[in-house]
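Visitor: I would love a close look at a single part of this model. Could we take it slowly, one residue and its surroundings at a time?

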Amino acid sequence: MQVLAGKLVSFTMFILLVPSLVSSIDEDNNDNIKKVISHKLMFEITLHGFLLWASMGFLMPIGILAIRMSNGEECGRKLQILFYVHAVSQILSVLLATTGAIMSIKNFNNSFNNLHQRLGVALYGIIWLQALTGVLRPWRGCKGRTVWFFAHWLLGTTVCVLGVISIYTGLGAYYDKTSKSTKLWTIAFTVEITVIVLIYLFQDKWVHIQNQGVPVRPSEEHSSIGNEKGTDK
């Protein structure tokens, strides 16, 4: 009887402990799943940010600098190279931005309750509109070329400005989501944009700066002084 009673007590204790053991195992499994999801989400957020930086923060400005440099070229191989650099960089920029947009729609909770998400929707639409105007580029001298050029320039400028703002707001969203500091990335991106802007602004003046140390004839000097006075008015 004592042996039977001991077995009954052991069996009863086992029945009582099974639910708690199962619950403990389930909680551990849930914690592990949450950790896996967290790491996966972190990777997707980081990849999304990198794609958008490569698109808006690097390739797009490179394309603009290339086409800006081509303004001083009349014809020849250099002009063709600069044009192809512009076209290829812009195409890659659109493809990377589209990939980042697909990732965002597929993997993120897009409630569109913050500036970064709303700006992203507008930016993706303008990017493809800009790409369409590039494909529909009329030949130089054709009717409507002036209107096309202004529209293409305006859209390109808008994409660049919104792209830079989107990257800054994206860094802020990354900090809000992960609580990880983005100060270093913000400083690095600011330095990059500052350098690009300075190169853009000094491109038109570079030839003029180089010519400052070249001796000129008196007649040419009087002519250049007159031109400078004319531009100062």
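Visitor: Which residues does M56 touch, not counting residues up to four places away in sequence?

Guide: Happy to walk you through it. This is a predicted model, in which local features need pLDDT of at least 70, side-chain atom pairs count only at pLDDT 80 or more, and totals for chains, interfaces and linings use all residues. Residues are numbered from 1 along each chain as its sequence is written, and side-chain values use heavy atoms, with hydrogens and water left out.

Outside that sequence window, M56 touches P61, S93, L123, I127, V159, G163 and I167, a contact being heavy atoms within 4.5 Å. Three of these partners, L123, I127 and V159, are listed with M56 as having the most contacts inside the largest nonpolar core, a set of 19 residues. Such a core consists of buried Ala, Val, Leu, Ile, Met, Phe, Trp, Tyr and Cys residues joined through side-chain atoms within 4.5 Å; buried means under 20% relative accessible area, exposed over 50%, partly exposed in between (1.4 Å probe, protein chains only). Helix 4 (145–178) is among the elements giving two or more residues to this core, and it gives the most, with six. Helices here are DSSP runs (H or I, at least four residues), numbered from the N terminus.

Now turn to S93, another partner of M56. S93 lies in helix 2 (residues 77–107) and counts as buried, at 0% relative accessibility. Beyond its neighbours within four places in sequence, S93 is in contact with S55, M56, L59 and M60.
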